[in-house]
Amino acid sequence: QVQLVESEGGLVQTGGSLRLSCVASGWRFSSYSMGWFRQAPGKEREFVAGISRLGSNTDYADSVKGRFTVSRDNAKNTVYLQMTSLKPEDTAVYYCAARPNPGLFAIDYNMGLYDYWGHGTQVTVSS
């Protein structure tokens, strides 16, 4: 059974850092590109960061560029999101997602292309 399990988020102060992880099971991890999305209260879910199958290509939403870093360890079936210089507007539920059979360097921004999703984890940044 395909599963994505995210680590706990947390409460951090403005300017702080937090690393999220997402462990996959039940499928060949390296066959999937991975994405991180977030959804703030009253807002639509949005793309945050993406990483290609082997980790050679990454991309970010403009709002997090230079502050967030996505990475993956295919040997551990895990994708990470390192978040630094956090701002109150980063407060949201964060989701990891898996997109099956993409091109080798592909990153997908469209939520509809992702077949599997984690349960979501709350990140709250206090001002």
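Which residues make the nonpolar surface patch of about 310 Å²? Points 1 and 2 cover the model and this patch; the remaining points take up the sheet, the salt bridges and two backbone angles.

1. The structure is a predicted model. Positions below should be read against the sequence numbering, which starts from 1.

2. The patch in question is made by Leu54, Leu104 and Phe105. Of these, Leu54 is placed in the loop that runs between strand S5 (46-51) and strand S6 (58-60). Its relative accessible area is 54%, and Leu54 is therefore classed as exposed, since the cut-off for that class is over 50%.

3. An open sheet is formed by four strands, in the order S1-S3-S8-S7, with antiparallel pairing. Strand S1 (3-6) and strand S7 (68-73) are the edge strands, each pairing on one side only. On average, neighbouring strands of this sheet are turned by 15 degrees against each other, with direction ignored.

4. Within the sheet, strand S3 (residues 18-25) and strand S8 (residues 78-83) run antiparallel and are joined by six bridges. One residue pair can be checked directly: Cys22 has Val79 in S8 as its bridge partner.

5. Five salt bridges are found in a search of the whole structure. Arg38, Glu46, Arg67 and Asp90 are linked in a network of such bridges. Two of the contacts made by Asp90 are described in points 6 and 7, and a separate pair, Asp62 with Lys65, in point 8.

6. Asp90 and Arg38 meet through their side chains in a salt bridge, at 2.9 Å from N to O. Arg38 belongs to strand S4 (residues 32-39) and Asp90 to the loop between S8 and strand S9 (92-100), so this pair ties together parts that are 52 residues apart in sequence. Both Arg38 and Asp90 are buried.

7. Arg67 also meets Asp90 in a salt bridge between side chains, here at 2.7 Å from N to O. The link is again between distant parts of the chain: Arg67 is in the loop between S6 and S7, Asp90 is in the loop between S8 and S9, and the two are 23 residues apart. Asp90 has 0% relative accessibility and therefore counts as buried. Arg67, with a relative accessible area of 9%, is buried as well, because the limit for this class is under 20%.

8. A further salt bridge joins Asp62 to Lys65, with the closest N and O atoms 3.4 Å apart. Asp62 is exposed, at a relative accessible area of 65%. Lys65 is partly exposed, at 44%.

9. Two backbone angles deserve a look. Most residues other than glycine have a negative phi. Asn77, however, has a positive phi, near 55 degrees. This residue, Asn77, is found in the loop between S7 and S8, and is partly exposed with a relative accessible area of 24%.

10. Where does the other such asparagine, Asn101, lie? Asn101 is in the loop between S9 and strand S10 (116-117). Its phi is positive, about 50 degrees, although Asn101 is not a glycine. At 64% relative accessibility, Asn101 counts as exposed.

Definitions and conventions
This is a predicted model: local features need pLDDT of at least 70, side-chain atom pairs count only at pLDDT 80 or more; totals for chains, interfaces and linings use all residues. Side-chain values use heavy atoms; hydrogens and water are left out. Two strands pair if DSSP finds at least two bridges between them. Axes are lines fitted to C-alpha atoms, for helices over the stretch in contact, and angles run from 0 to 180 degrees between N-to-C directions. Patches are made of residues with over 30% relative accessible area and no salt bridge: like charges are joined within 9 Å, nonpolar side chains (Val, Leu, Ile, Met, Phe, Trp, Tyr) within 5 Å. Accessible areas come from the Shrake-Rupley method with a 1.4 Å probe; for residues, only the protein chains shown count as cover. A salt bridge is a side-chain nitrogen of Lys or Arg within 4 Å of a carboxyl oxygen of Asp or Glu. Buried means under 20% relative accessible area, exposed over 50%, partly exposed in between (1.4 Å probe, protein chains only).
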